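Reader: I have a few labels to query. Walk me through the reasoning behind each one.

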Amino acid sequence: MKYAVVTFGCRVNQADTLGFEEDLLARGAIPVPPEEADLVLVNTCSVTSTADQGARQTIRRIARDNPAVRIVVTGCYATRRPDEVAALPNVARVVVNDDKPRLLSMVATDLGMTTAERFGQGDGACGAAIAPGIAGRTCFTLRVQTGCAERCSYCIIPETRGRPRSLRVEQVVSEVDRVAAAGFREIALTGVHLGSFGRDLAPAASLLTLLGALSGRRDILFRISSLEPMDCPRELVDLVASSEALAPHFHLPLQHASRRMLEAMQRPYTLEYYSSLVDGIRTRIPHASIGSDVIVGFPGETDADFAQLESYLEESALTHLHVFPYSDRPGTAAASMNGRPAGAVVRERGRRVREISSRLTRRFRQSQIGSIRPGLTIDDGSTVVTDNYLKLRIDAKGARNSPVRVRILSDTEGQLV
C-alpha cells in the first residue's frame, strides 16, 4: 500500500503523526506524495476557523488530484465536526482523537483491506524500525500527556482532547530509550497541557519529576514544548540551567498584556507574574530562547488594551512570537462576547505585533554572536539548529543528525568548532 500523511497544527499532532508513520512503515506501506497514494491520513487542527478551512481545502485538493484515493481524517477538527468532515469528498473514515491509538486497525477493518494490503506486499520496509528522517525529522516529537482541564474562554481544545491523561514516567523513559537506540539525538517533549503532566497519575508525578528522570542523560537533548506560565516554577528553570540534557528553550504563551483581556480570556496569571517569570529566566539563563503566543482582536480589545500589549512586548526579554488573530470557536465562552474589533483593525494589530517579533528575534540573534553553542545538523548537514533554537548555515556538508558545536558568526552563519 502507498500512503501519505498530512498534518496540521500543534506538536501533539506531529507526535501522533510520527506514530502513524511508524505503524504504516512497520506494516510494509510505502510513503509517496498524496497524489500517488492509495491511502491519505489527514491529521487536523481546529484551534481557529482558518485551521478548519485549511483542512477542508486540503482534503478537496487531494480528492481532486487523486480521485481513487481513500482519505482518513482525524484530529481536533474531525473530533469537533465529524459529520461535516465525513461529507467531504473521498473521506472513507473519520477517527476522533480518543480513537487515534486504534486508527490503523480501524482503517484496515473498516475499509475492507485484505491481509496483503494491511501488512504490505513485500516491496515495502515491512517491520522497519523507526529511524531519524521519519516524516523528514531529526527531532523526535514525544507526546507524554494529552487532554486539558483548563477553561480559557477562547479555546475549544478541552472539548476535542478530553480530560488530562499522562504516560507514567517509566513509560516515557522506556520510549526515550527506544528512540535513542534508533539514532535520534533530540526529543521534543509535548502535551496538550504539558505542565499538568503526572497530576492524573496514582501516585501523582509532575513535569519536574519527569525532567529530573531525564536530565542526567548524555545521548539526547530534550526540548520542552509549550508550557503555561503558571506551570514553570523556579525549580524547573534551575534544572534546565544546570543540565546539558535540557535545551535552554522555553515557550510560554502570554496571550495578552492587558489585565482586562487576561481576565476575559480566563488566564490564571497577571502580566506582573508573567514578566517576572520571563525576566527571571533571562537572568538565570542569559542565552535562553523564550517564545510566546499572542492573541490580537479578542472581543472587547480596545486601543488602550492593545497599547499595553505593544508596550510590554517591545521591552520584553522574549525572543520570538506566534501571533493569532482571534477566531470564534462555537461552544466557547468567548463566542458569545461582544465588542469584536473590526477585521481591518485586527489585521493591523497583527502586523504590528509580527514586526515586534522580528525585532525581538533580531536582537536575540545578535546578542548570541561570538558565543559557542551545541547543536544538531539538519537537512544536508549544512544547517545547524542550536540548543537555544537558532538556525544557522555552516560552510560544510555532511550527515544530518550529527551533534556538533558551532561558533555563531552572524545572524545566520555559524562555524563548526
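Reader: How many disulfides does a search of the whole structure find?

Author: Zero. Keep in mind that the model is predicted.

Reader: Why does Cys76 form no bond with the closest cysteine sulfur?

Author: The cut-off for a disulfide is 2.5 Å between the sulfur atoms. The closest cysteine sulfur to that of Cys76 belongs to Cys45, at 6.3 Å. That is too far, so the pair is not bonded.

Reader: What about the sulfur of Cys152: which cysteine sulfur is closest?

Author: That of Cys155, at 6.2 Å. Set against the 2.5 Å limit, this distance is again too far for a bond.

Reader: Why is Cys76 called buried?

Author: Buried means under 20% relative accessible area. Cys76 has 5%, so the label applies.

Reader: Is Cys152 buried or exposed?

Author: Buried. Its relative accessible area is 15%, and the limit is under 20%.

Reader: Now the second largest pocket. What is its volume?

Author: About 670 Å³. It is lined by 27 residues, and those closest to the centre are Ala15, Asp16, Gly19, Pro101 and Arg143.

Reader: Which elements each supply at least two residues of that lining?

Author: Helices α1 (11-26), α5 (103-110) and α8 (169-181) do, and so does strand β6 (139-146). The largest share, seven residues, comes from α1.

Reader: How many residues of the lining are charged?

Author: There are 12 charged residues, alongside nine nonpolar and six polar. Asp and Arg count as charged, so Asp16 and Arg143, both among the residues closest to the centre, belong to that class.

Definitions and conventions:
Residues are numbered from 1 along each chain as its sequence is written. This is a predicted model: local features need pLDDT of at least 70, side-chain atom pairs count only at pLDDT 80 or more; totals for chains, interfaces and linings use all residues. Side-chain values use heavy atoms; hydrogens and water are left out. On a 1 Å grid over the protein atoms alone, a cavity is a set of points where a 1.4 Å probe fits but cannot get out, and a pocket is an open set with protein on both sides within 12 Å along at least five of seven lines; lining residues have an atom within 4 Å of a point. Grid points are joined across faces, edges and corners, and a volume is the space filled by probe spheres set on the points. Helices (H or I, at least four residues) and strands (E, at least two) are DSSP runs, numbered from the N terminus. Buried means under 20% relative accessible area, exposed over 50%, partly exposed in between (1.4 Å probe, protein chains only).
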